[in-house]
Amino acid sequence: MTAVDGLTRGWLRSGRLWLGLAGTALFLGLFFARTDLGELWDALRAADYRWAVPAVALWFVSAWFRSLRWGLLLRHLARMSASALYPVLVIGYMANNLLPARLGEVVRAYIMGQRYGLSKMAVLGTIAVERLLDAVVLLVLMTAAAAFVGLEGHLRALSLAAAGLVLGGAAFLLWAASHRGAVERALGFLLRPLPPRLATRLQGAVDAFLEGAGALRSPMVLAGVALCGLIAWLLEACMYYLVGVAFDLGEGFAVYLVLAGAANLAITVPSTSGGVGPFEWASREVLVAVGVASGVASAYALALHGLLLLPVIVVGLLFLWGIQLAPAAVLARAEEARAEVRE
């Protein structure tokens, strides 16, 4: 049995995979149950797909600012340029779009360890910090835009709940980055009753997260990280806007900021690769809430997600080939690296 065969069998035995499939099925069911399929098909045929080219280009520009931000988060581990990190970041997004359980994050850590000799756990820590800060920036943009759009019902409840959790987590992160010794002492006390193996795993995960947050002790780095994240998300929202132009939605930019926040926060719930299901459902719900017809909103959501997934997969595979790594081998070894992290 090859490593890839073992990897596939491991996924099929994974409870997280089946939970993700259930989540995707649930949200796609909700999505299509409230969609006029005839209207959806008409909207897909009538769209002006010439706008897809500049829309996709904007995403890749936004990825450059994410590479700049990642370089700032890594600077206490190694000085890395955006041009060096950009292919690794896109490869990670590609793997997230293809594989379950956000394995792309481990792929990024694996490549950084293999090519640059960095600790995989420390790199995973920077990625965890990056994800949390992404959520904070998204919530700030979403909240500001919601003042112009107006959120009602379950979307308002979802945004308020997410805001409380994420902002609380961000506040703790900033405190922990400056008080690592106190966090480690408190963690040691809390983990004492647990079995030694579990306590060691949890201690290692927290240590990696705190190592990843180390760069945030500098106010200048923190400001740079926040600015890069803000620019990246504004550019991605511009992509969403251009896709909206293709479908002649006629909505203002604030709607797309709310949509970006809702859709990207929704994909944190269990689902299959690329957040299929929750992304479409949340995108559609935002547009319907502001008065877009059901079928048109659904067509937009499907087209937008396709433009976010397919070009990144193609370019990510090209980058993987460019750095002379075989996709199957990288994925199999990344799964082994994740197993090592768990142990």
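**Helix crossings and a cavity**

In this predicted model, α4 passes α5 in a right-handed crossing, where a crossing counts as right-handed if the near helix is turned clockwise from the far one by less than a right angle, and as left-handed if anticlockwise. Helices here are DSSP runs of H or I with at least four residues, numbered from the N terminus. Local features need pLDDT of at least 70 and side-chain atom pairs count only at pLDDT 80 or more, whereas totals for chains, interfaces and linings use all residues. Residues are numbered from 1 along each chain as its sequence is written, and side-chain values use heavy atoms, with hydrogens and water left out.

Let me stay with that pair. Helix α4 (residues 52–74) and helix α5 (residues 82–98) pack at an angle of about 115°, with their axes 8 Å apart, the axes being lines fitted to C-alpha atoms over the stretch in contact, and the angles running from 0 to 180 degrees between N-to-C directions. That makes α4 roughly perpendicular to α5, since 65 to 115 degrees counts as roughly perpendicular, under 35 as roughly parallel, over 145 as roughly antiparallel, and the rest as oblique. Contact means heavy atoms within 4.5 Å, and α4 contributes W59, W64 and R66, among others, while the residues from α5 include Y86, V90 and Y93. By class, the residues of this contact divide into 14 nonpolar, 3 polar and 1 charged, with Ala, Val, Leu, Ile, Met, Phe, Trp, Tyr, Cys and Pro taken as nonpolar, Asp, Glu, Lys and Arg as charged, and the others, Gly among them, as polar.

How do α5 and α14 cross? Their axes come within 8 Å and cross at roughly 125°, and the two helices are therefore oblique to each other, with α5 passing α14 in a left-handed crossing. Among the residues making this contact are Y86, V90 and Y93 of α5, together with V312, G316 and F319 of α14. The contact divides into 15 nonpolar, 2 polar and no charged residues.

Finally, the cavity. On a 1 Å grid over the protein atoms alone, a cavity is a set of points where a 1.4 Å probe fits but cannot get out, and lining residues have an atom within 4 Å of a point. The count comes to 1 cavity of 30 Å³ or more, and the largest has a volume of about 50 Å³, meaning the space filled by probe spheres set on the points, which are joined across faces, edges and corners. Its lining includes D48, W51, L242, F247 and L307, and α11 gives the most, with 3 residues. By class, that lining has 9 nonpolar, no polar and 1 charged residues.

Key
On a 1 Å grid over the protein atoms alone, a cavity is a set of points where a 1.4 Å probe fits but cannot get out, and a pocket is an open set with protein on both sides within 12 Å along at least five of seven lines; lining residues have an atom within 4 Å of a point.
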